[in-house]
Amino acid sequence: MTGSLSCSALREQFNKTLSKGLQRAIVLFNVNRFRYINNEYGFETGDAVLKHITITLWENQKGKCIVGRADSDTFVVAMLNVNEKDHPLTQIQKIFPKFAEPVVVEGKLINITLSASGSDSSSDKGFDALYNEAERALKVCKKMNSTYKNTYLIYNQDIEEQYEQLKQDTDSI
């Protein structure tokens, strides 16, 4: 529907680059309140929003990247060559301004905000390990921040403690 790769196809392409010794990373973009957009404006409008996000990610990626979709409202940018000027934070900072203005779908103005996260960069970790880092950072980011503005968090060791605490809080409910 969106023209982006499935997560499994993305994983396969990403892991083919393991032997090249390049620094790689994963960036996740999650659409805040996507269920609300679908419920309020309808599935066709929700699909148009997802297509808009896919096009925006493809048109604004930096460096050698692959764009995919992890689930209904989360997109993956797999970075195949991370360097000083092109790393997860620059990917996020390049995308956020593109969503400053509402998206127009059939005359309706749809405000889109994103929560984003990036993994650490690595030359030896595979897709799943880097995806897990980015996913943990995304969960902590969404818990800590408002869903009405663009927010991000880049993975580091401190995230692990916050993620474990978040998991314990969720498990005790």
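**Figure 1. Helix α5 of this predicted model has the length its residue count calls for.** Helix α5 covers residues 127-144, 18 residues in total. At 1.5 Å a residue, the helix should span 26 Å. The C-alpha atoms at its two ends are 26 Å apart, so expectation and model agree. Several side chains of α5 belong to buried residues. Among them are the aromatic residues Phe127 and Tyr131. Leu130, Leu138 and Val140 are buried too. So are Ala134, Ala137, Cys141 and Glu133.

**Figure 2. The whole protein chain, with 6 helices and 8 strands.** From the N terminus, the order of elements is β-α-β-α-α-β-β-α-β-β-β-α-β-α. The C-alpha atoms occupy a box of roughly 50 × 40 × 25 Å along the principal axes. A compact globule of 173 residues would have a radius of gyration near 16 Å; the chain has 16 Å, which agrees. Of the 173 residues, 45% count as buried. Take the contacts between residues at least 6 apart in sequence: 70% of them join residues at least 24 apart.

**Figure 3. Surface and charge of the protein chain.** The chain exposes about 9100 Å². Carbon and sulfur atoms supply 47% of that area. The chain carries 21 positive and 22 negative charges. The mean positions of the two sets are 4 Å apart.

**Figure 4. Val103, a buried residue in strand β5.** Strand β5 covers residues 103-105. The relative accessible area of Val103 is 7%; buried means under 20%, so Val103 qualifies. Beyond its neighbours within four places in sequence, Val103 contacts His52, Lys108, Leu109, Ile110 and Ile112. Ile53 lies 50 residues away along the chain, yet the C-alpha atoms of Val103 and Ile53 are separated by 9.6 Å.

**Figure 5. Arg33, a loop residue with positive phi.** Arg33 sits between β2 (25-31) and α2 (34-41). Its phi is near 60°. Most residues other than glycine have a negative phi. Relative accessibility is 32% for Arg33, so this residue counts as partly exposed.

**Figure 6. Glu106, in the loop between β5 and β6.** Strand β6 covers residues 108-110. Glu106 is not a glycine, but its phi is positive, about 50°. At 64% relative accessibility, Glu106 is exposed, since the cut-off is over 50%. Val103, in strand β5, is buried by contrast.

Definitions and conventions: Residues numbered from 1 in each chain as written. Predicted model: local features only at pLDDT ≥ 70, side-chain atom pairs only at ≥ 80, totals over all residues. Heavy atoms only, no water. Helix = DSSP H or I, 4+ residues; strand = E, 2+ residues; numbered from the N terminus. Expected span 1.5 Å × (residues − 1). Buried < 20%, exposed > 50% of the residue type's maximum accessible area, 1.4 Å probe, protein only. Rg over C-alpha atoms; globule rule 2.2 N^0.38 Å. Contact = heavy atoms within 4.5 Å. Areas by Shrake-Rupley, 256 points an atom, 1.4 Å probe, with all protein chains shown as cover. Lys, Arg positive; Asp, Glu negative; His and termini not counted. Charge placed at Lys NZ, Arg CZ, Asp CG, Glu CD.
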